[in-house]
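Student: Let's go through the labels used here one at a time. I'd like to see how each one is earned.

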Amino acid sequence: MEKFSMSISFHGRVMKNFMTLILWIIFLPVIFIPKLRNRIVPMNILEFHKKLKFFLYSHVNGGKGMISIFLALTVSPLLMCTLIFVEYARIQSAQAIIEELMGSSIFSALAHYDPYLDERFGFMAVRQDQEESLDSHYQSYLEANVQGFGKAISLSGSSAEGKNSLIEPLVLRQEVFEYSELSVPINTLEEGLNIKELLDYYHKKNPLQICKNLLDSGNNVIDITDSAINMAKSLKEYCDEAKKYVESLTKYKEARKAYDDAYQALEEARSRKDNGEEISLDSYISEVDSKARAFGTATDDLKERLSTLKGKERDFLKSKEKFAKGLDELLSNTQEFYKNQYGKNAIEDPFLATYNVMNNQVQKFIDNQQKEIYNDGKEDDEKLEEQAKKLESYSAEADGKIEGYIVLSEAESIDKITAALYGEMENTIKGSDSTIDLVRSLKDLLYQIIGTKVLYDGSLDSNLDPSELINQSGVLDLGTAEITDSVVNLLSSIWQFLMAAADGDFFATLTALGTFLKSLVTFFKGIFDWASSRLQNLGRLLSGGESLGKNFLLYGYGVYNMPNRTNYSDGSSLTGYEYSNIFEMAGGTYNIGFLDGDFWHYPKMDNVEGSDKLYKGAELEYLLTGSNSEKGAQVGTFFNGFLLRLVSNLPAIASSDWITETSVTGPFVVVVFVILLLLESFIDMILLVNKQSVSLIKMKAYMSTEGISNFIEDFSKCRGLNDETAKQIKKGTQDTADKIAAGAKNKIKSTFGAKPKSSKKSDNNDSKTENAESKATKDTTKPDNDNSNSENNASKATKDTTKPDNDNSNSENNASKTTKDSTKPQNDNSNSGNTVPQEPKKTTATEAMGLKDEQGFMKLDYGEHCLILMLLGTNQDQYLMRLQNLVQLEAKEKYKEKTDYHLSKAYTGITATTEYQLNEFVPITKSTGGFTLDCTKTLGY
């Protein structure tokens, strides 16, 4: 009972305390909130206090339990905050846990990557040939992971989808960068190649400036060549009319002599008759009258021929005046240019020198024939007309003897004089027979080499089905077809010029020369237009720092991971994937070394619609050109490489001793230069497609005395050429080299390609004597005014006594030469009496890394030349589109029996969304409660 009453008492106290708490909770706001107190308790405070006191003592047991109330008021907010913090911690913990679980589940789903893309391309993407979907994989992994954390979290729903597929260019670019950073050998180029050294050498040689000089020089002489052709045409007409005039003059003399003889016979007959001899004069008179009429006819013909001849003579003089005026203006206008560029007179240009000699020859003819030329022939015309009228009505019985008129306005041997002038000018323009023979040998060698079947590998003949491509990037137009056409026209004009020169006709030779010049200008304009933007890009890339590395990574990926015509059978990517697998997957049939397609029958670069599903091996060429035709891609790459070689070979050919030290003079200097340039560049491409390496910037050309042995050695390594063809080319090259050596003279120089003189002496000029320099300057500036030996003057005018650029003028070149090379007499510019040994120069970093040798800078193979071409001219967006096409084609063919592969589903990341509930901390009922949350997370490779 006591226990029960205690219980009641305890419960009573609890109830009182509880009621007190309730009242305090109700009245405290009234007490402490003024507005509420004024509204609810407007009564007197004392009255209110009494009522409150009565209530407390009647129902709440007075003021007992107040401390409990204040304690509850104090602890409740603290407890509330504590519980809030606990719940917040649970939420944060749940979020962290679910994110970790989602990340683990996404990574588990990403583990189902495409093994082919990884092995073949080095790309990571979700595989498409699996039975379960990406979402199913994710959900199963997530549910398994959540179960490991008990019942604190309940999943409400989840989903996953692929993100960032390889069809997005930015995603593909990032994949390429990430893979290439550790695989493409960019560090060697960045660390080993002295960029400043390369730029300095490039700036010194400046092939673009050489190309522009050739173009400007060609443009300069085209108009004057047209004037020269007109002068040659008028001279030819003058010569032809002079022949007719002399023939008429001969007939005139014969008719006059016949008339004189007949008249003399008549006089003798009259004398005999006067002496008493019985003789009839009728027959004599009739004979004289007959001869007089014939004499009159000859006089009329001579008068007509003389008038026509004087007209042709005036036409010739007018054309000569126009030619001389144009030549003087051209020499005057270009004098400053040649002084600045070459440090010499404009007259030393081979074309201008030749035309100057021709002008001197014509002027000499005019000076020697002043009496006749400046006689307008009117007096002769009047006298002959008067004589013709007399002879027309002449009667031997009534008229006396008519003395035949002697023409004063033309020399009797005018035909020989004009023919001699024509011959002199013909010899000036055509050169010697040995020159023609040498140039013809070079031309034959060029025709033989460009006729070699090397344009494409016949085993690589796919024509892609355009419908199979996910991108239509279009064919990159690099002007290949136009340049090739200009080369064909140039070769044709060279052949016509040689034929005309061999035939010996001055007018035909000069006309062919004009055609050659126009073809030359078109050719070099095409090269200049192609090269100007790309070489500027080269300078910008080399000095761009980070952009150079990024571009090397992007394009280097294609070079080192895509097969090309030189390695599709035995090469492999940086991942170790063998390219032969692609060839076999495409259904190719091996015919190794089956090179086909020559220059004369080159296929166009047009897209050819075919039915093939895959390229067989020219994928790098596709990245460069974008042609759906595998042959077209190879041909396009070949000729773009040919253009690159043309530009980079300009300095080496310009300083080749086959140009600077031959007996070739006049316009043939330019012809030889063009032939050697085409030869050198085509030989480079033959070597490249046959797995050889060629220096990007040469210091020594194959087409030179020193370089010919290197050519024979390198050419012997080519395995893709017919043995007989290779043998003929080597023999033809050696024979031509022997002819050049046999006809070489004492360092005859050509303005074309010559390096502009510097006001300062180069390093290797220190060993030259002061007198030698002064003599060289005197020889180069000596005007050509000696008309006594015009052919010698023409030859002398084209000589250039300055040293070529690569003739030990580059100290870096000297540094790279071995002791053996430095002892060669052709490279030794020191005085023979100087026995002081020179200290060896330090080897540069570029040389130490093998990126520079005595032949030039950066010896690159076929693929690396393609890398340079892409760096210079391939748009990144087009490049990535083509790369996407190749990945799509290969992967689709690989998985054709398992799934319909598409690059848009080659996801490199997963985005997952999960809804979950945070369960009650202390569950009271069986139902789940708590907060519902969601989380989205994206992860990728």
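Tutor: Start with contact, which means heavy atoms within 4.5 Å. This is a predicted model, in which local features need pLDDT of at least 70, side-chain atom pairs count only at pLDDT 80 or more, and totals for chains, interfaces and linings use all residues. Residues are numbered from 1 along each chain as its sequence is written, and side-chain values use heavy atoms, with hydrogens and water left out.

Student: Then which residues is Gln369 in contact with, leaving aside its neighbours within four places in sequence?

Tutor: Ala411 and Ile417. Gln369 itself sits in the loop between α12 (350–368) and α13 (370–373). By the way, helices (H or I, at least four residues) and strands (E, at least two) are DSSP runs, numbered from the N terminus. The protein has 33 helices and eight strands by that rule.

Student: What makes Gln369 count as buried or exposed?

Tutor: Buried is under 20% relative accessible area, exposed is over 50%, and partly exposed is in between (1.4 Å probe, protein chains only). Gln369 has 10% relative accessibility, so it counts as buried. Across the protein, buried residues make up 49% of the 941 residues.

Student: And why is Thr511 called partly exposed?

Tutor: Its relative accessibility is 29%, so Thr511 goes in the partly exposed class. You'll find Thr511 in helix α18 (residues 506–542). Its C-alpha atom is 8.8 Å from that of Ala232, and the two residues are 279 apart along the chain.

Student: How far apart in space are Gln130 and Lys898?

Tutor: 8.8 Å, C-alpha to C-alpha, with their positions 768 residues apart in sequence. Gln130 is in the loop between α5 (115–121) and α6 (134–147). Not counting residues up to four places away in sequence, Gln130 touches His112 and His137. For the protein as a whole, take the contacts between residues at least 6 apart in sequence: 81% of them join residues at least 24 apart.

Student: On to helix pairs. What makes α7 roughly perpendicular to α33?

Tutor: Axes are lines fitted to C-alpha atoms, for helices over the stretch in contact, and angles run from 0 to 180 degrees between N-to-C directions. The axes of α7 (residues 169–180) and α33 (residues 876–894) come within 10 Å and cross at roughly 85 degrees. That makes α7 roughly perpendicular to α33, given that angles under 35 degrees count as roughly parallel, over 145 as roughly antiparallel, 65 to 115 as roughly perpendicular and the rest as oblique. Pro169, Leu172, Arg173 and Val176 of α7 meet Gln876, Asp877, Leu880, Leu883 and Gln884 of α33. By class, that contact has five nonpolar, two polar and two charged residues. Here Ala, Val, Leu, Ile, Met, Phe, Trp, Tyr, Cys and Pro count as nonpolar, Asp, Glu, Lys and Arg as charged, and the others, Gly among them, as polar.

Student: Why is α22 called oblique to α24?

Tutor: Helix α22 (residues 630–654) packs against helix α24 (residues 667–689) at about 130 degrees, with the axes 8 Å apart. This angle makes α22 oblique to α24. Residues in the contact include Phe638, Phe642 and Leu646 of α22 and Phe673, Leu677 and Met685 of α24. Sorted by class, the contact of α22 with α24 has 14 nonpolar, three polar and three charged residues.

Student: How do you know that β4 is largely enclosed by the rest of the structure?

Tutor: Five of the five residues of β4 (residues 694–698) are buried, so the strand is largely enclosed. Its partner β6 is mostly covered, with four of its five residues buried.

Student: What makes β4 and β6 a pair?

Tutor: Two strands pair if DSSP finds at least two bridges between them. β4 and β6 (residues 856–860) have four bridges, in the antiparallel sense. The bridge partner of Val694 in β6 is Leu860, and Ile697 stands opposite Phe857.

Student: What is unusual for Lys691 and Asn164 in their phi values?

Tutor: Most residues other than glycine have a negative phi. Lys691 has a positive phi of about 70 degrees, and it is found in the loop between α24 and β4. Asn164 has a positive phi near 55 degrees, this time in strand β1 (residues 153–165). With a relative accessible area of 37%, Asn164 is therefore partly exposed.
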